[in-house]
Amino acid sequence: NMLKAYMHGFFIDSQLYARSKSVLKPFAYEEYRKQKVKEKIASKEKERIALKQPLPKVNKDLAEKIMLQKEEEKERATA
């Protein structure tokens, strides 16, 4: 009475499904909470105001190139 045949599959009682899922992954909720906390912290970091460093008066082109390379390295490290 928990499983009902339907076309090419079965319907399963939601309580039975929830119990079986909790048995398979007992720490799933804790992992979910940790992930959500990390996402929230990351979103708050993005909202912060970033101060731009002024370019030097000499060798502006070289300074821009170096800054772009540093940004690309940061993006690669986070990705």
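Buried means under 20% relative accessible area, exposed over 50%, and partly exposed in between. I looked up tyrosine 17 with that scale in hand: its relative accessible area is 46%, so I put tyrosine 17 down as partly exposed. I note here that the model is a predicted one.

**Confidence**

I checked how far the predictor trusts its own model. The chain has an average pLDDT of 87, and 100% of the residues reach at least 70. I then went through the chain by element. Strand 1, residues 3-6, has the lowest confidence, with a mean of 80. Helix 2 has the highest, at 91.

**Layout**

I listed the elements next. The chain holds three helices and two strands. Read from the N terminus, I get the order β-β-α-α-α.

I looked up the overall dimensions. The radius of gyration of the chain is 25 Å, whereas a compact globule of 79 residues would come out near 12 Å. Along the principal axes, the C-alpha atoms take up a box of roughly 80 × 25 × 20 Å.

How much of the chain is buried? I find that buried residues account for 1% of the 79. The accessible surface of the chain is about 8,600 Å², and 57% of that comes from carbon and sulfur atoms.

**Tyrosine 17 and its patch**

I went back to tyrosine 17, which sits in helix 1, residues 14-24. Which residues form a nonpolar patch with Tyr17 on the surface? I noted Leu3, Phe10 and Ile12 beside Tyr17. Together the four have about 450 Å² of accessible area.

**Aromatic pairs**

I searched for paired rings and the count came to two aromatic pairs. One joins tyrosine 6 and phenylalanine 11, with ring centres 4.9 Å apart. Their planes meet at 35°, and since planes from 30 to 60 degrees apart count as tilted, I wrote the pair down as tilted. Tyrosine 6 is partly exposed at 46% relative accessibility, and phenylalanine 11 is partly exposed at 49%.

Tyrosine 29 and tyrosine 32 form an aromatic pair too, also tilted, with 6.3 Å from centre to centre and 35° between the planes. I checked their place in the sequence: the two lie three residues apart in helix 2, so about one helical turn separates them. Is tyrosine 29 buried or exposed? I have tyrosine 29 as exposed, because its relative accessible area is 59%. Tyrosine 32 has 43%, so I have it as partly exposed.

**Salt bridge**

How many salt bridges does the structure hold? I found one salt bridge. The side chains of glutamate 39 and lysine 36 make it, at 3.7 Å from N to O. I placed both residues in helix 2, three residues apart, which is about one turn of the helix. Glutamate 39 has a relative accessible area of 39%, so I count glutamate 39 as partly exposed. Lysine 36 has 38%, so lysine 36 is partly exposed as well.

**Arginine 48**

My last entry is on arginine 48. I found arginine 48 in the loop between helix 2 (28-47) and helix 3 (60-78). Arginine 48 has a relative accessible area of 62%, so I list arginine 48 as exposed. I also took the distance to lysine 4: the two are 44 residues apart in sequence, and their C-alpha atoms are 53 Å apart in space.

Conventions:
Residues numbered from 1 in each chain as written. Heavy atoms only, no water. Helix = DSSP H or I, 4+ residues; strand = E, 2+ residues; numbered from the N terminus. Buried < 20%, exposed > 50% of the residue type's maximum accessible area, 1.4 Å probe, protein only. Patch = residues over 30% accessible without salt bridge, like charges linked within 9 Å, V, L, I, M, F, W, Y side chains within 5 Å. Areas by Shrake-Rupley, 256 points an atom, 1.4 Å probe, with all protein chains shown as cover. Phe/Tyr/Trp six-rings, centres within 6.5 Å; stacked < 30°, edge-to-face > 60°. pLDDT = per-residue confidence, 0-100. Rg over C-alpha atoms; globule rule 2.2 N^0.38 Å.
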